[in-house]
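Please work through the exercises below with the sequence and the model open side by side, and try each task before reading its solution.

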Amino acid sequence: MKTKVLAIDDSRTIRNLLAATLEEAGFEYHCAVDGREGVDMYPDVDPDVVITDINMPNLDGFGVIEELRGTGINSKVPILVLTTESAPELKARARGAGATGWITKPFDDASLIFALKRVTGAAA
Amino acid sequence: MSGSIQDTFFEECEELLEATDEGLTAIEGGDHDPEVVNAIFRAVHSIKGGAGAFGLDDLVAFAHRFETVFDEVRSNRLDLDPKLIQLLLRSSDHLSALVEVARDGGEVDEAHHDTLLAALDEYIPEEEEDLTFEPMGLGGPAAAPEVIVPQEETYRIRFHPLKEMYGTGNEPFFLFQALKDMGELTVTLDENELPGFDSMDVSDSYLAWDLVLVTKEPRSIVEAVFEFVEGLCELSIDGDGDAEAEANALAALDAMFSAPPVEAALPDPAPDTAADSASAPFEPPAPAPEPEAKPAAAEDKASAPKAESGKQEQRSGPKPTLRVELERVDRLINAVGELIINHSMLAQQIANLNVSDTRDVETELEGFKNLARDIQEGVMAIRAQPVKPLFQRMARIVREASAATEKTCKLVNEGENTEVDKTVIERLSDPLTHILRNAVDHGIEKPEDREAAGKSRIGEIRLSASHRSGSVCIEIKDDGAGVNRPRVKQIAIEKGLIPENAELTDAEIDNLLFAPGFSTAKEVSNLSGRGVGMDVVKNAVTGLGGRINISSTPGKGSTFTIILPLTLAVMDGMVVSVADQTMVVPITSIVETMRGSDDMINSLGADGTLLSIRGNFVPICDVAGGLGLYRESDQQAGVYLLVETETGQRCALAVDDIHDQRQVVIKSLDGVCGEIPGVAAATILGDGKIAMILDPESIIAASPTAAAFDTERRMSNAS
Amino acid sequence: MQAEVKQTDQEVKHAEHSEFVSFTVAGQAFCLKITQIREIRRWSPVTILPHAPADVLGVMNLRGAVIPIYDLSARFGLQQTEASERNVVIVVSVHGKPVGLLAESVSEIISINPDEIQETPPVDSRNTMEYIQGIISHDDTMVRIINLDAVISAPEQVML
């Protein structure tokens with residue numbers, strides 16, 4: 001089984017970047033264009049890890065984390081948040097909501113894969 | 001990072017910039033809905049995020065500043081006063097400019113850039129300003145520049161997760177896995193803290209691990225593995241003889257995560273993990289084989305999932321779209337055009353067969369025709385796009401023009417979702433820009449003059465688009481002073497466009513604006529003029545097969561109306577014969593057709609003739625003569641097409657015969673020959689022959705009878 | 001009724017030679033490099049372009065494209081051709097656009113060594129001079145090599 005990634009980001013550019021890197025590295029890539037869609041797609045995709053943007057329409061990244069953590073079955077899925085700032089308080093807030101880790105945009109392939117490895121054990 | 005992703009970025013930027021513009025326009029219009037503000041924040045934020053990925057530092061820096069101000073607005077720490085709104089609008093324009101420079105190259109207006117940055121900074125509180133945007137590496141293997149000669153080192157790691165860690169989805173197991181990839185790892189479970197079964201709190205964390213890692217990776221990488229769990233665990237990392245350095249590093253990390261500890265309202269703190277680990281303790285080099293197998297399995301299928309995930313990407317969009325090269329669509333459009341021509345050829349061949357009963361074939365042929373039309377409409381629809389982006393760009397033009405002329409104007413857009421052929425939209429940009437600059441420059445009065453005239457200080461320009469009986473109608477309406485007719489007339493006389501004693505109707509004076517050589521630009525300002533007059537606008541519109549009208553009321557304002565065909569590729573035409581040639585006249589210009597008799601024709605002067613239609617006299621314009629063609633047969637031009645020009649002038653085009661009305665595929669004569677007076681384009685008829693598509697407007701303009709009669713009419717109007 | 005001119009075979013055979021197609025215009029022999037010619041068609045009536053100069057016969061439908069047809073004879077300042085079914089239209093490509101040239105008839109394909117090409121001797125006919133880039137002697141007749149770029153200027157300027 002490939003490691004399944006559900007990426008949630010409203011930016012097509014970021015989605016394409018993630019898709020390119022992850023598919024290249026052998027992950028199974030799924031994506032949603034906003035938080036609401038991401039949460040809705042979650043049960044169908046049943047990913048091994050979720051990567052979510054913070055600023056999104058309909059439901060933001062914090063909302064995504066809260067909703068996924070709120071339902072028992074999803075409580076343990078690793079969730080990585082994508083942030084543009086390396087601001088500590090943003091990370092603290094994401095973690096407070098239940099995020100597993102974070103990826104700072106702009107990311108390079110290696111750091112993305114390294115982050116995924118630390119939360120899923122999967123390596124490129 | 002392939003170019004195609006960068007293309008995606010620029011495409012997305014266009015959309016995001018539109019969204020920003022749209023939001024700001026709404027805010028300018030008084031809509032301060034938090035969601036509008038949020039949407040702009042997100043759009044700018046996304047531009048920043050994408051720009052960062054491609055190392056577009058100028059863009060990132062500016063977007064960041066812009067976004068930070070919006071964050072202040074979003075958090076209600078800043079009021080959206082008019083001054084700030086103007087700054088945001090200008091910043092949005094500048095952001096567009098930066099995107100353009102990033103995409104197409106060119107120079108950024110440094111001074112303008114710095115002015116805006118400084119202006120934005122004034123709205124950003126001190127401490128926020130310090131929060132500079134600096135991409136921080138994740139400490140992945142790629143981010144280890146400090147190591148030059150990798151040397152093996154042994155780290156002793158004590159790792160004791162707090163219960164909070166399990167609420168974040170972090171698994172010790174995976175962390176160990178990551179460590180193991182770096183070198184040789186020994187894991188020992190310390191379950192000494194496990195209380196007796198009775199006193200065990202399932203939500204607490206009792207397990208700790210002692211790890212020994214021998215690796216060539218530098219300390220920073222080892223620490224980076226625990227980045228996500230810092231503050232969620234007790235962690236110590238002892239390198240060989242670097243106790244001091246380690247203490248410092250940990251202190252620094254602690255400082256970094258001085259955030260309040262995570263509260264215990266975490267659902268399901270994963271007691272099962274603890275239990276599982278306890279019952280199946282790690283054996284060095286422990287981690288279960290399953291996760292190890294993952295990468296291998298993943299590699300096997302590495303190439304397989306592309307199609308699937310591509311599908312996913314499409315499915316996940318709110319409205320699935322497909323991006324195709326324009327050239328492919330155009331090829332399809334050409335092919336469908338040929339198909340339609342092919343149909344008429346086939347129909348003609350069948351008619352020539354002399355078969356008595358062709359009803360069955362004709363039924364099928366009719367079906368063929370309908371299908372071809374369906375395909376054609378479908379293909380044309382692909383090229384159709386809403387005018388919204390075009391209109392939004394115009395808001396910027398009006399802002400710039402207002403700033404340059406020290407006037408205050410707002411642009412109100414209507415019917416933005418009206419869809420028009422892509423080429424039409426592209427070619428409308430310049431004419432619209434010119435008309436709008438003109439409207440701000442010459443139409444809208446200075447604020448104090450407006451006030452004196454009892455109008456609002458802010459001038460309003462309304463830009464609207466709508467579909468009107470098979471055409472697209474674009475209207476530009478300002479509430480300014482209207483055309484200064486005495487001045488226009490005087491200029492026209494000075495420039496020799498009309499005789500000094502000419503008596504013109506108001507409409508005729510207004511239409512002088514479109515006359516070649518008439519440009520009031522020079523003496524008024526350098527803004528709208530730029531060396532071209534409204535005649536260029538008119539040419540651009542007629543070049544698209546459209547027409548433009550102006551109407552104006554002194555003191556109330558002017559309205560420009562542009563009527564355009566829905567598509568550039570086909571049109572409805574009347575097929576006629578002129579001097580043994582088959583030609584096509586656009587249906588849109590024909591008011592009525594009639595066969596003339598001798599008693600309807602009246603002479604005027606030496607060779608002018610007028611056609612009397614129900615008591616009205618209309619000049620006759622011989623098409624063959626106008627085109628410089630001579631009849632070889634003795635057929636006379638006995639059929640008249642009554643046409644009306646933009647100025648409302650009517651004229652009867654005399655042709656030899658009328659055949660039928662049909663849709664024809666327009667073939668441009670660009671590159672085939674130069675401009676031919678009286679001819680707009682060509683088409684290919686059913687028999688494979690080429691026919692000229694006529695331009696009645698220019699035929700009439702060149703006709704001496706029509707011109708003479710027109711002058712006479714003006715005179716009689718005046719008296 | 002059209003003869004596609006195949007060029008590759010002959011070209012390979014005489015690498016050092018150039019292939020030319022010779023034809024007659026107003027009784028005189030002219031030629032064009034075979035690589036300049038896209039196809040040769042029999043004349044069929046064209047659609048007249050209003051206000052066109054005398055050497056522009058009109059436009060023709062070439063597989064869906066509208067292409068202008070020039071009367072070479074009139075272009076060279078010789079008499080105008082009364083085009084008929086016996087005449088041919090040589091379709092060439094100028095500035096990337098197809099253009100038809102009316103000639104009386106096509107004669108043959110001749111192979112020319114570049115050394116055989118002679119400078120055009122000065123004659124007092126400016127029109128012809130401009131359009132001829134050299135002459136060759138073939139079977140005791142003089143064949144004029146047409147300078148295509150001079151005959152057909154850039155499309156925009158054609159009608160001005």
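Three exercises follow, each with a worked solution.

This is a predicted model, in which local features need pLDDT of at least 70 and side-chain atom pairs count only at pLDDT 80 or more, while totals for chains, interfaces and linings use all residues. Residues are numbered from 1 along each chain as its sequence is written, and chains are lettered from A and ligands numbered from 1 in the order in which they are written.

**Exercise 1.** Locate Asp479(B) and describe its surroundings.

Solution. Begin with the secondary structure (helices are DSSP runs of H or I of at least four residues, strands runs of E of at least two, numbered from the N terminus): Asp479(B) lies in the loop between strand E9 (471-478) and helix H19 (485-494) of chain B. Next, count neighbours: Asp479(B) is buried because 22 other C-beta atoms lie within 10 Å, where buried requires 20 or more such atoms, placed from the backbone. Finally, leaving aside neighbours within four places in sequence, the contacts of Asp479(B) (C-beta atoms, placed from the backbone, within 7 Å) include Lys455(B), Glu460(B) and Gly557(B); Gly557(B) is 78 residues away in sequence, yet 4.2 Å away in space, C-alpha to C-alpha.

**Exercise 2.** Compare the span of helix H2 of chain B with its expected value.

Solution. The expected span is 1.5 Å times one less than the number of residues. For the 20 residues 34-53 this gives 28 Å, and the helix reaches 29 Å from first C-alpha to last, close to expectation. Of these 20 residues, 15 are buried.

**Exercise 3.** Summarise chain C.

Solution. Chain C has 4 helices and 11 strands, and 32% of its 160 residues count as buried.

Note on methods. Two residues are in contact if their C-beta atoms, placed from the backbone, lie within 7 Å. A residue is buried if 20 or more other C-beta atoms lie within 10 Å of its own, exposed if 12 or fewer, and partly exposed in between; C-beta atoms are placed from the backbone.
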